[in-house]
Amino acid sequence: MPINSRYLFIARMDVEPDKDAIFNEVYDKEHVPMLLEVPGVLSVARFKKRDLTMIIGGEEVTMEVSDQPTYTAMYELESPGVLVSDGWANSVDEGRWPGEVRPFTTNRSHTLMERLDS
């Protein structure tokens, strides 16, 4: 996902283990497509946390990241105003997300980032 806009909205969360399948189905087939229709949402990419091993100071280190949410979605936005638009407000409460998925999410975090190199 090459990031071409100035703003990136990041939503991170865990989901109860017995709701993992419906979480991913609804996120991929309903939630993301609806949000992509919101004016100003340019792209969406989803990620799942993995174990992390890397070289630091010439040494291979495995890092424990147990307190971080399992799932991350990154939304490339035209402006921060997208997040308070009617389109966004309507889309985040459509479909099965608000009733069948959102209540089973935990460890949620939402962050808006502004790119510095533009």
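This passage walks through the overall build of the protein and then visits several of its residues in turn. The structure is a predicted model.

The protein has 118 residues, of which 31% count as buried. Its secondary structure consists of three helices and six strands. Read from the N terminus, these elements follow one another in the order β-α-β-β-β-β-α-α-β. Measured out along the principal axes, a box of roughly 50 × 45 × 20 Å holds the C-alpha atoms. Among the contacts with a separation of 6 or more, 77% join residues 24 or more positions apart. In other words, a good way to follow this fold is to look at which parts of the chain meet, and the paragraphs below do so.The surface comes to about 7400 Å², with carbon and sulfur atoms supplying 52% of it. The protein carries 12 positive and 21 negative side chains, and the centres of these two sets lie 1 Å apart.

Turning to the interior, the largest nonpolar core contains 21 residues. The residues with the most contacts inside this core are Phe23, Tyr27, Tyr75, Leu77, Trp88 and Trp97. Strand 1 (7–15), helix 1 (20–36), strand 5 (71–77) and helix 3 (97–101) each supply at least two residues of the core. Tyr75 gives a good view of how these pieces meet. Leaving out residues up to four places away in sequence, Tyr75 touches Tyr7, Leu8, Phe9, Ala11, Tyr27, His31, Leu35, Ser43, Val44 and Trp88. Two of the partners in that list, Tyr27 and Trp88, are also named among the core residues with the most contacts.

Strand 5 also holds Thr72. Thr72 counts as buried because its relative accessible area is 13%, and the cut-off for buried is under 20%. Beyond its neighbours within four places in sequence, Thr72 is in contact with Ile10, Ala11, Arg12, Ala45, Arg46 and Phe47. With Arg12 there is also a polar contact, side chain to side chain, at 3.4 Å. Ser109 is 37 residues from Thr72 in sequence, while their C-alpha atoms are 9.3 Å apart in space.

Helix 1 is the home of Asn24. Not counting residues up to four places away in sequence, Asn24 touches Arg46 and Tyr71. Arg46 is thus a partner of Asn24 and also of Thr72. Asn24 and Val101 are 77 residues apart along the chain, and 9.4 Å separates their C-alpha atoms.

After helix 1, the chain passes through a loop that leads to strand 2 (41–48), and Gly40 lies in this loop. The relative accessibility of Gly40 is 9%, so this glycine counts as buried. Which residues does Gly40 touch, not counting those up to four places away in sequence? They are Glu76, Leu77, Glu78 and Val82. One of them, Leu77, belongs to the group with the most contacts inside the nonpolar core. A contrast with the pairs above comes from Gly40 and Ile56: they are 16 residues apart along the chain, yet 39 Å lies between their C-alpha atoms.

Ser91 sits in helix 2 (residues 86–91). Its relative accessibility is 7%, so Ser91 counts as buried. Aside from neighbours within four places in sequence, Ser91 is in contact with Met34, Leu35 and Val38. Leu35 also appears among the residues that Tyr75 touches.

The last stop is strand 6 (residues 105–114), where Thr105 is found. Is Thr105 buried or exposed? With a relative accessible area of 9%, Thr105 is buried. Its side chain reaches the backbone oxygen of Arg102 at 2.8 Å, and a polar contact of 2.8 Å links the side chains of Thr105 and Arg108. Setting aside neighbours within four places in sequence, Thr105 is in contact with Met13, Asp14, Val15 and Phe23. Phe23 is one of the core residues with the most contacts.

Asn107 is found in strand 6 too. This residue is partly exposed, with a relative accessible area of 37%. The backbone of Asn107 also deserves a look. Most residues other than glycine have a negative phi. Phi of Asn107, by contrast, is near 50 degrees, a positive value in a residue other than glycine.

Notes
Residues numbered from 1 in each chain as written. Predicted model: local features only at pLDDT ≥ 70, side-chain atom pairs only at ≥ 80, totals over all residues. Heavy atoms only, no water. Core = buried A, V, L, I, M, F, W, Y, C linked by side-chain atoms within 4.5 Å. Buried < 20%, exposed > 50% of the residue type's maximum accessible area, 1.4 Å probe, protein only. Helix = DSSP H or I, 4+ residues; strand = E, 2+ residues; numbered from the N terminus. Contact = heavy atoms within 4.5 Å. Areas by Shrake-Rupley, 256 points an atom, 1.4 Å probe, with all protein chains shown as cover. Lys, Arg positive; Asp, Glu negative; His and termini not counted. Charge placed at Lys NZ, Arg CZ, Asp CG, Glu CD. Polar contact = N/O pair within 3.5 Å; in protein donor to acceptor, adjacent residues only side chain to side chain.
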